[in-house]
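Colleague: Before we discuss this model, I would like to hear how each label is justified. Could you put the values beside the criteria as we go?

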Amino acid sequence: MSDGPSHEFTRGLYGWITHTDFASSDPTATRDWCAAVLGWTFQPAFPTPTGDMHLFAYSDVGGGGIRAIAPGETPGSTATVHVSDTQSACDEALVAGAEAVRPPTKIMDGVYVALVRAPGGVLIGFSGPTS
């Protein structure tokens with residue numbers, strides 16, 4: 001049993017963009033602005049292997065997270081697609097011509113994420129349940 005955040009996936013949403021990841025040079029300021037201007041609700045920030053994540057919701061089935069930019073990264077956003085198996089989705093993407101950016105990584109109980117660069121340079125995230 002874990003004391004940290006966890007997530008249970010909704011099977012009917014596979015293939016949907018259900019999470020948008022915002023990489024920010026000031027995650028707290030971005031969070032506060034999104035709450036005030038867009039009315040998004042936030043859960044308490046929690047640590048991940050790459051720093052604190054601020055999860056938000058804008059509907060019952062959509063939301064995302066705000067995190068600090070990585071070294072050398074420019075602030076921006078990445079769409080994350082809900083998949084049934086993160087490793088399989090990542091493997092299929094690579095076979096079809098994508099470039100690996102971040103291998104499947106557990107970020108909380110119940111959630112693995114991966115990041116690929118699709119042909120044309122577009123970043124696409126995959127998020128699926130842990131095994």
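Colleague: Why is C34 called buried?

Modeller: The relative accessible area of C34 is 4%, and buried means under 20%, with exposed over 50% and partly exposed in between (1.4 Å probe, protein chains only), so C34 counts as buried. C90, with a relative accessible area of 4%, is buried by that criterion. Please keep in mind that this is a predicted model, in which local features need pLDDT of at least 70 and side-chain atom pairs count only at pLDDT 80 or more, while totals for chains, interfaces and linings use all residues. Residues are numbered from 1 along each chain as its sequence is written, and side-chain values use heavy atoms, with hydrogens and water left out.

Colleague: How many disulfides does a search of the whole structure find?

Modeller: The search finds zero disulfides, where a disulfide would be a pair of cysteine sulfur atoms within 2.5 Å.

Colleague: What makes the contact of R67 and E73 a salt bridge?

Modeller: The term requires a side-chain nitrogen of Lys or Arg within 4 Å of a carboxyl oxygen of Asp or Glu, and the side chains of R67 and E73 meet at 2.9 Å, N to O, so the pair qualifies. R67 is buried at a relative accessible area of 13%, whereas E73, at 26%, counts as partly exposed. Both residues are linked with D21 in a network of salt bridges, and the whole structure holds four salt bridges.

Colleague: How do you know that D109 forms a salt bridge with K106?

Modeller: The closest N and O atoms of D109 and K106 are 3.2 Å apart, which satisfies that criterion. D109 is partly exposed, with a relative accessible area of 27%, and K106 is partly exposed at 43%. K106 also stands opposite Y112 in β8.

Colleague: What makes strands β7 and β8 a pair?

Modeller: Strands are DSSP runs (E, at least two residues; helices are H or I, at least four), numbered from the N terminus, and two strands pair if DSSP finds at least two bridges between them. Six bridges join β7 (residues 99-108) to β8, and the strands run antiparallel, so the condition is met. In their hairpin, which has two residues between the strands, G110 takes a positive phi near 90 degrees.

Colleague: Why is β8 described as largely enclosed by the rest of the structure?

Modeller: Five of the seven residues of β8 (residues 111-117) are buried, so the strand is largely enclosed. β8 also pairs with β9 (residues 123-128) in the antiparallel sense over six bridges, with R117 opposite L123 in β9.
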